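Open the model in your viewer and keep the selection panel at hand. This tour says what to select next and what is there.

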Amino acid sequence: MTPILSARAVTKTFAVGRQGWRRKTIQAVDAVDLHVHEGETLAIVGESGSGKSTLARILLGLSAPTCGDVLFRGQITTALTRHDRHVFRREIQPVFQDPAASLNPRMRIETTLAHVFLRHRLATPQTLRAITIKQLEAVGLVPGDHYLGRYPHELSGGQQQRVAIARALAVQPKLLIADEPLSSLDMSVQARVLDLLIELRRRFHLGLVLISHDLNVVETIADRVAVMYLGKIVETGATAEVMRSPRHAYTRTLLNARLIADPRLARRRRTEEGG
Ligand SMILES: Nc1ncnc2c1ncn2[C@@H]1O[C@H](COP(=O)(O)OP(=O)(O)OP(=O)(O)O)[C@@H](O)[C@H]1O
Ligand SMILES: [Mg+2]
């Protein structure tokens with residue numbers, strides 16, 4: 001089956017000033033091959049600066065790769081017809097880390113969502129209000145009409161992220177690309193937004209590319225994991241497999257870091273290893 005989205009030898013180079021007369025560049029993403037199938041959850045993990053967000057922006061079509069291609073249902077995205085580009089933009093939706101920054105602060109929630117519904121002709125002026133309320137309730141903002149007139153700053157971080165998710169889902173996407181969608185939220189809220197993502201995924205058969213540094217989250221939600229290190233994908237495989245027997249030294253370091261952070265897990269691991 002053709003993946004819904006793939007990267008083929010994607011490289012992104014940034015110019016970062018000069019060193020003498022030489023231009024200094026960094027290779028933020030380095031010859032990455034990746035594919036995501038419909039309905040699948042792929043986690044991308046890796047230390048800070050390893051190129052995860054850069055890759056996500058390229059997959060979303062928000063940034064052009066220096067070399068390589070992104071393919072949407074097997075078609076190179078830069079060569080899509082107008083119609084297919086429209087489908088691409090609709091079916092692949094972003095969720096960002098900071099919901100406050102991704103919502104227009106001067107727009108009421110109702111207007112933010114209404115724009116999307118009207119632009120994509122998913123509602124008429126007559127049905128708009130009812131559809132907007134339904135959308136808010138789908139992401140757990142109940143009763144929906146309670147939130148229509150509010151501005152983003154009148155909502156909590158978790159509620160803002162729910163609105164951002166509601167907006168992404170409004171166009172009935174097939175795949176969400178979520179770049180650390182939980183990490184700006186309080187711990188207690190994180191679990192609830194994660195549950196929401198799991199529920200939405202099931203209900204709408206949504207695919208998900210989840211960038212996260214939280215391996216517990218990854219273990220809970222991801223079918224497959226890709227591990228990035230210095231712009232490259234150094235390991236990819238089924239989540240349980242990668243967690244159980246990481247092949248790459250960097251992945252082992254990542255897992256060990258988690259063990260240190262979680263003493264309970266460390267003890268369990270030591271016991272399992274018979275040590
Ligand atoms: N617009 C830019 N101009 C120059 N360098 C950039 C730019 N965007 C990212 N970089 C650099 O590219 C590398 C990868 O950055 P990126 O944001 O993709 O990492 P990341 O894995 O998302 O990190 P984090 O976990 O901290 O979010 C970093 O070295 C970063 O400094
Ligand atoms: Mg990032």
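The stops below run from the whole chain to single residues.

**Whole chain**

Start with everything shown as a cartoon. This is a predicted model. The chain holds 11 helices and 10 strands. Its C-alpha trace spans about 65 × 50 × 45 Å along the principal axes. How does the radius of gyration compare with that of a compact globule? For 275 residues such a globule would come out near 19 Å, and the chain has 20 Å, so the two agree.

Colour by burial next. Buried residues account for 35% of the 275. Now turn to contacts between residues at least 6 apart in sequence: 65% of these join residues at least 24 apart.

**The open sheet**

Select β1 (5-19) and β2 (22-36), then add β4 (67-72) and β5 (75-76). These make an open sheet of 4 strands, ordered β2-β1-β4-β5, with antiparallel pairing. Which strands stand at the edges? They are β2 and β5; each has a single partner strand, so one side of each is left without a neighbour in the sheet.

Zoom in on β1 and β2. Their antiparallel pairing runs over 10 bridges. Check the register at two places: Ala7 sits opposite Leu34 of β2, and Thr13 sits opposite Gln27 of β2. The two strands form a hairpin with 2 residues between them. In that turn, Gly20 has a positive phi of about 65°.

Move to the other neighbour of β1. Strand β4 runs antiparallel to β1 and is joined to it by 5 bridges. Here Thr11 faces Cys67 of β4.

Stay on β2 for one backbone oddity. Ala31 lies in this strand. Its phi is near 55°, positive although the residue is not glycine. Ala31 is partly exposed, because 15 other C-beta atoms lie within 10 Å.

**Around ligand 1**

Select ligand 1 and the residues around it. From the first part of the list, pick Phe14, Val16, Ile26 and Ala28, among others. Then pick the run from Gly46 onward, including Ser48, Gly49, Ser50, Gly51, Lys52, Ser53 and Thr54. Colour this shell by residue type: 4 are nonpolar, 7 polar and 1 charged.

Which elements each supply at least two residues of this shell? They are β1, β2 and α1 (52-59). Helix α1 gives the largest share, with 3 residues.

**The nonpolar core**

Hide the ligand and show the largest nonpolar core. It has 66 residues. Which members touch the most others? Ile44, Leu59, Ala166, Leu175 and Val209 do. Helix α6 (residues 157-170) contributes the largest share of this core, 7 residues.

Centre on Val209. Beyond its neighbours within four places in sequence, Val209 contacts Val36, Leu42, Ile44, Leu59, Leu175, Ile177 and Ala178.

**Helix α5 and the loop after it**

Select α5, residues 128-138. Its buried residues are Thr132, Ile133, Gln135, Leu136 and Ala138. Their spacing is worth a look from the end of the helix. An α-helix has 3.6 residues a turn, so residues three or four places apart point the same way. Add α4 and α6 to the view: both are among the elements that cover the buried residues of α5.

Step past the end of α5. Gly140 follows, with a positive phi near 85°. Continue to the peptide bond from Val142 to Pro143: it is cis, with omega near -5°. Pro143 is in the loop between α5 and α6.

**Two loop residues**

Select Arg108, in the loop between α3 (99-102) and α4 (109-119). Is it buried or exposed? Arg108 is partly exposed, because 16 other C-beta atoms lie within 10 Å. Setting aside residues up to four places away in sequence, Arg108 touches Leu148, Gly149, Arg150 and Tyr151. Draw a distance from Arg108 to Ser50: the C-alpha atoms are 36 Å apart, with 58 residues of separation along the chain.

End at His205, in the loop between α7 (187-204) and β8 (207-211). Its phi is near 50°, another positive value in a residue other than glycine. His205 is exposed, because 10 other C-beta atoms lie within 10 Å.

Methods:
Residues numbered from 1 in each chain as written. Chains lettered and ligands numbered in written order. Predicted model: local features only at pLDDT ≥ 70, side-chain atom pairs only at ≥ 80, totals over all residues. Buried ≥ 20, exposed ≤ 12 C-beta atoms within 10 Å, placed from the backbone. Contact = placed C-beta atoms within 7 Å. Near = placed C-beta within 6 Å. Nonpolar A, V, L, I, M, F, W, Y, C, P; charged D, E, K, R; others polar. Core = buried A, V, L, I, M, F, W, Y, C linked by C-beta atoms within 7 Å. Rg over C-alpha atoms; globule rule 2.2 N^0.38 Å. Pairing = 2+ DSSP bridges.
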